[in-house]
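Please open the model in a viewer and keep the sequence panel visible. The tour below proceeds by selection, one region at a time.

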Amino acid sequence: MKKKPKEKKENTNDDFDSPWKEIIELFFQQFMEFFFPKAASEIDWKRKYSALDKEFSQITRKSEIGKRSADKLLKVWTKEGKEAWVLVHVEIQAQRDDNLPKRVYVYNYRIFDKFDRPVVSLAVLADDDPNWKPSEFSRELWDCKTNFTFPTAKLLDFKDKLEDSDNLFSTVTLAHLKTMETRKSYQSRSQWKARIMQSLYKSGFDKETVVKLYKFIDWLMFLPDEFNEIFYKDMEKFEKEHKMEFVTYAERRG
């Protein structure tokens, strides 16, 4: 009697960690301009930003304050010529995580304490609870009080603004929202995945950008093999009709 092949499991929240980290580092300027325009306007984008993975790992390696989702620490330069470190948290939760404000605060002061650098903490909330919008950590005992606030961006709040934006993170946001919406329907997800990719092809982005976004979307919008084949065929048909093959047959199946 033949054994049934193991079914490929859907991406868990942890599986969203790597693609979000990668896409933030690849397109950090667009990320900031889309989610945090006020902060983005103060950064000198003519000077290169850099990821500080080694420095960040030094303060999180032995952390006991809960799960980290997709956190990135990057160094930028302000228009005044000052160095600033930006700590980005992307929380991908199926439900609220009341430990987030404390985690943002602790990472912020640990970085400042260890490296003596100004740190700005930002949080992107990629969960599906519209009422969960933490932005503050505070504690008080007698007359000693700590109050720490940080800017947040809630993906659900961008839902009705995506069509009006030509920033590539409108596509990233749409892909994430549709991944959550189609948890119970791979057929619907396959259709949305094809629709998002086809609109990306028409966006005017260069091939390199399209390929990088394709990898992010393909990882995020998981499909079992049978639905993946439907998606592949839809994309191949679209590419032939429009004479644009940004992602080759081998890359798609790789």
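How many bridges join strand β5 (residues 136–141) to strand β6 (residues 144–149)? Select both strands: 6 bridges join β5 to β6, and the two run antiparallel. Strands (E, at least two residues) and helices (H or I, at least four) are DSSP runs numbered from the N terminus, and two strands pair if DSSP finds at least two bridges between them. Within this pair, R139 stands opposite T146 in β6. Next, centre on the turn: the hairpin of β5 and β6 has 2 residues between the strands, and W142 takes a positive phi near 55 degrees there.

Before continuing, note the conventions. This is a predicted model, in which local features need pLDDT of at least 70 and side-chain atom pairs count only at pLDDT 80 or more, whereas totals for chains, interfaces and linings use all residues. Residues are numbered from 1 along each chain as its sequence is written, and side-chain values use heavy atoms, with hydrogens and water left out.

**The whole chain**

Display the full chain, which holds 10 helices and 7 strands. Of its 254 residues, 45% are buried, where buried means under 20% relative accessible area (1.4 Å probe, protein chains only). Contact means heavy atoms within 4.5 Å; among contacts between residues at least 6 apart in sequence, 68% join residues at least 24 apart.

**Strands β1 and β2**

Select residues 70–77, strand β2. Because 6 of its 8 residues are buried, β2 is largely enclosed by the rest of the structure. Add strand β1 (residues 50–51), which runs antiparallel to β2 and is joined to it by 2 bridges. A51 stands opposite L74 in β2.

**Two helices with a buried face**

Select helix α4 (residues 53–60), whose buried residues are F56, I59 and T60. Viewed down the axis of α4, these buried residues fall within an arc of 95 degrees, so they line one face of the helix. The arc is that of the directions from the helix axis to the C-beta atoms.

Move to helix α2 (residues 28–35), where F28, F31, M32, F34 and F35 are the buried residues. Down the axis of α2, the buried residues fall within an arc of 165 degrees, so they too line one face of the helix.

**The largest pocket**

Select L162, E163, S170, L174 and S199, which lie nearest the centre of the largest pocket among its 21 lining residues. A pocket is here an open set of points on a 1 Å grid over the protein atoms alone, where a 1.4 Å probe fits, with protein on both sides within 12 Å along at least five of seven lines; lining residues have an atom within 4 Å of a point. About 500 Å³ of space lies in this pocket, the volume being the space filled by probe spheres set on the points.

Colour α6 (168–181) and α7 (186–201), each of which supplies at least two residues of the lining. α6 gives the most, with 6 residues.

**Contacts of α6 and α7**

Select T171 in helix α6. T171 is buried, with a relative accessible area of 13%, and it touches I196, L200 and I217, not counting residues up to four places away in sequence.

Finish at A194 in helix α7, which is buried at a relative accessible area of 5%. Not counting residues up to four places away in sequence, A194 touches F231, D234 and M235. A distance label between the C-alpha atoms of A194 and Y232 should read 8.4 Å, although these residues are 38 apart along the chain.

Notes
Buried < 20%, exposed > 50% of the residue type's maximum accessible area, 1.4 Å probe, protein only.
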